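Hi everyone, thanks for coming. Today I'd like to walk you through one protein model, step by step. Please have a look at the screen.

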Amino acid sequence: MASPNDVAMEDGSSSGIHEPFTIEENISQLNAVDKSAVELMSHAATALSSLTTPCSTGSPADMDRPDVDVDAAAATEAFTRSTDAFLTALHDIDVRMKRQIMALEEAGIVNLNNTSRADPNSSAKASLRPNGLGAVGSLDVGWLNSRSTKVERDMEAELWDKAKKLLESHGDKD
């Protein structure tokens, strides 16, 4: 499904060589993802607001008016339009994020290739390259960082030093 924000690619039928996006194009695409995320939230808000019942300031006898059915039909139509637009924006974001992930792989920043998927007979080779999921090799970096209190102790010592200097500077002024 084509999106109005898609970048037009040249038809390279003769060469067949893939040209990676430039840094400027990647930043432009990330900006488009950001805008699409804002649209996504707007569509969700519109869909949810179409489901709410309007507050009535009139008497209970006014509630039996035939235009209540018209309002229900209009609300259903607004909900349908908003959910369709929401799903279109979500698909747009999904496609663009996949493009950005591929660009990160091409640049060698992350390695999400699973060699065991490509060749089930090959043995898993240890690698110290990040896999993009917070693990380096068989080590989970998040787990390792959560086991250390060095950063916390250093930050606490720094804060105590700042507090001491602040108190000393206020004591000299009195």
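I'll begin with the whole chain, then go to two helices, and finish with some charged pairs.

One thing to keep in mind from the start: this is a predicted model.

Let's take the overall picture. The protein chain has 174 residues, and its secondary structure comes to 5 helices and 2 strands. If you read from the N terminus, the order of the elements is α-α-α-β-β-α-α. So what share of the residues counts as buried? For this chain the figure is 11%. The surface that the chain exposes comes to about 14,200 Å², and 60% of that is supplied by carbon and sulfur atoms.

Here is another number for the whole chain. Take the contacts between residues at least 6 apart in sequence: 58% of them join residues at least 24 apart. We'll meet some examples of distant partners in a moment.

Now to helix H1, which covers residues 23–51. We can do a little check together. How far should its 29 residues span at 1.5 Å a residue? The expected value is 42 Å, and the C-alpha atoms at the two ends are 42 Å apart, so the two agree.

Which residues of H1 are buried? They are Asn26, Gln29, Ala32, Val33, Ser36, Leu40, Ala47 and Ser50. Some of these sit three or four places from one another in the sequence, as with Asn26 and Gln29, or Ala32 and Ser36. Here a general point helps: an α-helix has 3.6 residues a turn, so residues three or four places apart point the same way.

Let's zoom in on one of them, Val33, which is found in helix H1. Is Val33 buried or exposed? Its relative accessibility is 10%, and because the cut-off for buried is under 20%, Val33 counts as buried. And what does Val33 touch? Leaving aside neighbours within four places in sequence, Val33 is in contact with Ile93, Arg96 and Met97. Val33 and Ile93 are 60 residues apart along the chain, yet their C-alpha atoms are separated by 5.6 Å.

That brings us to helix H2, residues 67–106. Gln100 lies in this helix, and with 8% relative accessibility Gln100 counts as buried. Beyond its neighbours within four places, Gln100 is in contact with Asn26, Gln29 and Leu30. You may remember Asn26 and Gln29 from the buried residues of H1.

Thr83 is also found in helix H2. Thr83 is partly exposed, with a relative accessible area of 24%. The C-alpha atoms of Thr83 and His43 are separated by 6.9 Å, although their positions lie 40 residues apart along the chain.

Last topic: charged pairs. As a general idea, side chains of opposite charge can pair when their charged atoms come close. How many salt bridges does a search of the whole structure find? It finds 5, and I'll show you three of them.

In the first example, the side chains of Arg81 and Glu77 meet, with 3.6 Å from N to O. These two are 4 residues apart in helix H2, so about one helical turn separates them. Glu77 counts as partly exposed, at 42% relative accessibility.

Next come Asp94 and Lys98, whose side chains form a salt bridge at 3.4 Å, N to O. Both lie in helix H2, again 4 residues apart, about one turn of the helix. Asp94 has 37% relative accessibility and counts as partly exposed.

For the final pair we move to helix H5, residues 150–173. There, Lys162 and Glu158 are 4 residues apart, about one turn, and their side chains meet in a salt bridge of 3.7 Å, N to O. Glu158 is partly exposed too, with a relative accessible area of 41%.

That's my tour. Thanks for listening!

Note on methods: Residues are numbered from 1 along each chain as its sequence is written. This is a predicted model: local features need pLDDT of at least 70, side-chain atom pairs count only at pLDDT 80 or more; totals for chains, interfaces and linings use all residues. Side-chain values use heavy atoms; hydrogens and water are left out. The expected span of a helix is 1.5 Å times one less than its number of residues. Buried means under 20% relative accessible area, exposed over 50%, partly exposed in between (1.4 Å probe, protein chains only). Contact means heavy atoms within 4.5 Å. Accessible areas come from the Shrake-Rupley method with a 1.4 Å probe; for residues, only the protein chains shown count as cover. A salt bridge is a side-chain nitrogen of Lys or Arg within 4 Å of a carboxyl oxygen of Asp or Glu.
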